[in-house]
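Got your viewer open and your selection tool ready? Let's take a walk through this model, one stop after another.

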Amino acid sequence: MDSHPLLADVLAFVETHGLKESTFGRLAVNDWAFIRDLRGDNGRPRRIWPETEQKVRRFMATYRPDAPAPRGEKPAPSDEPAAPQEAA
């Protein structure tokens, strides 16, 4: 069975935005193993329902990297230098 066409788009998105695969899955579909299952690391690629594909594509289209990090995750490092600390 060939991989789902969504997999290439998701992997490119993850690389572009510097997300962990588990973070992407949790944010997009509330499933940390989404990409692993989509790739078929467990021996058989996951079947993707059209509604799930729409949800993932909607997430990618509306993703804002400056949004607060989910609980337990550190925010991605910014390209902007940190503001200097004022002495007290």
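Start in the middle of things. This is a predicted model, and its largest nonpolar core has 17 residues. Select Leu6, Val10, Phe24, Phe34, Val56 and Met60: these are the residues with the most contacts inside that core. Now colour by element of structure. Helix 1, helix 2 (21-29), helix 3 (34-39) and helix 4 each give two or more residues to this core. Which helix supplies the largest share of the core? That would be helix 1, with five residues. As background, nonpolar side chains in soluble globular proteins tend to be buried together.

Zoom out for a moment. The chain has four helices and zero strands, and reading along the sequence gives the pattern α-α-α-α. Of the 88 residues in the chain, 25% are buried. Among contacts with a separation of 6 or more, 56% join residues 24 or more positions apart.

**Stop: helix 1 against helix 4**

Show residues 5-17, which are helix 1, together with residues 50-62, which are helix 4. The two axes come within 11 Å and cross at roughly 25°. Angles under 35 degrees count as roughly parallel, so helix 1 is roughly parallel to helix 4. Their crossing is left-handed.

Want to see who does the touching? On helix 1, pick Pro5, Leu6, Asp9, Val10 and Phe13; on helix 4, pick Glu53, Val56, Arg57, Phe59 and Met60. Sort the residues of this contact by type and you get seven nonpolar, three charged and no polar ones.

Keep Val56 selected and look around it. Setting aside residues up to four places away in sequence, Val56 touches Leu6, Val10, Phe24, Val29 and Phe34.

**Stop: helix 2 and what follows it**

Next, select Thr23, Phe24, Gly25, Ala28 and Val29, the buried residues of helix 2. What covers them? The cover includes helix 1, helix 3 and helix 4.

Now step just past the end of helix 2 to Asn30, where phi is positive, about 60°. Asn30 has this positive phi although it is not a glycine. Asn30 belongs to the loop between helix 2 and helix 3. Is Asn30 buried or exposed? Its relative accessibility is 66%, so Asn30 counts as exposed.

**Stop: Leu19**

Go back along the chain to the loop between helix 1 and helix 2, where you'll find Leu19. Leu19 sits in a loop, and at 16% relative accessibility it counts as buried. Beyond its neighbours within four places in sequence, Leu19 is in contact with Phe13, Val14, Phe24 and Tyr63. Try the distance tool here: from Leu19 to Pro65, C-alpha to C-alpha, is 9.5 Å, while in sequence they are 46 residues apart.

**Stop: Asp37**

Finish in helix 3, the home of Asp37. Asp37 has a relative accessibility of 15%, so it counts as buried. Which residues does Asp37 contact, leaving aside its neighbours within four places in sequence? Add Asp31, Asn42, Arg44, Pro45 and Arg46 to your selection, and you have them.

Key:
Residues numbered from 1 in each chain as written. Predicted model: local features only at pLDDT ≥ 70, side-chain atom pairs only at ≥ 80, totals over all residues. Heavy atoms only, no water. Axes fitted to C-alpha atoms, helices over the stretch in contact; angles between N-to-C directions. Parallel < 35°, antiparallel > 145°, perpendicular 65-115°, else oblique. Left-handed = near helix turned anticlockwise from the far one by under 90°. Contact = heavy atoms within 4.5 Å. Nonpolar A, V, L, I, M, F, W, Y, C, P; charged D, E, K, R; others polar. Core = buried A, V, L, I, M, F, W, Y, C linked by side-chain atoms within 4.5 Å. Buried < 20%, exposed > 50% of the residue type's maximum accessible area, 1.4 Å probe, protein only.
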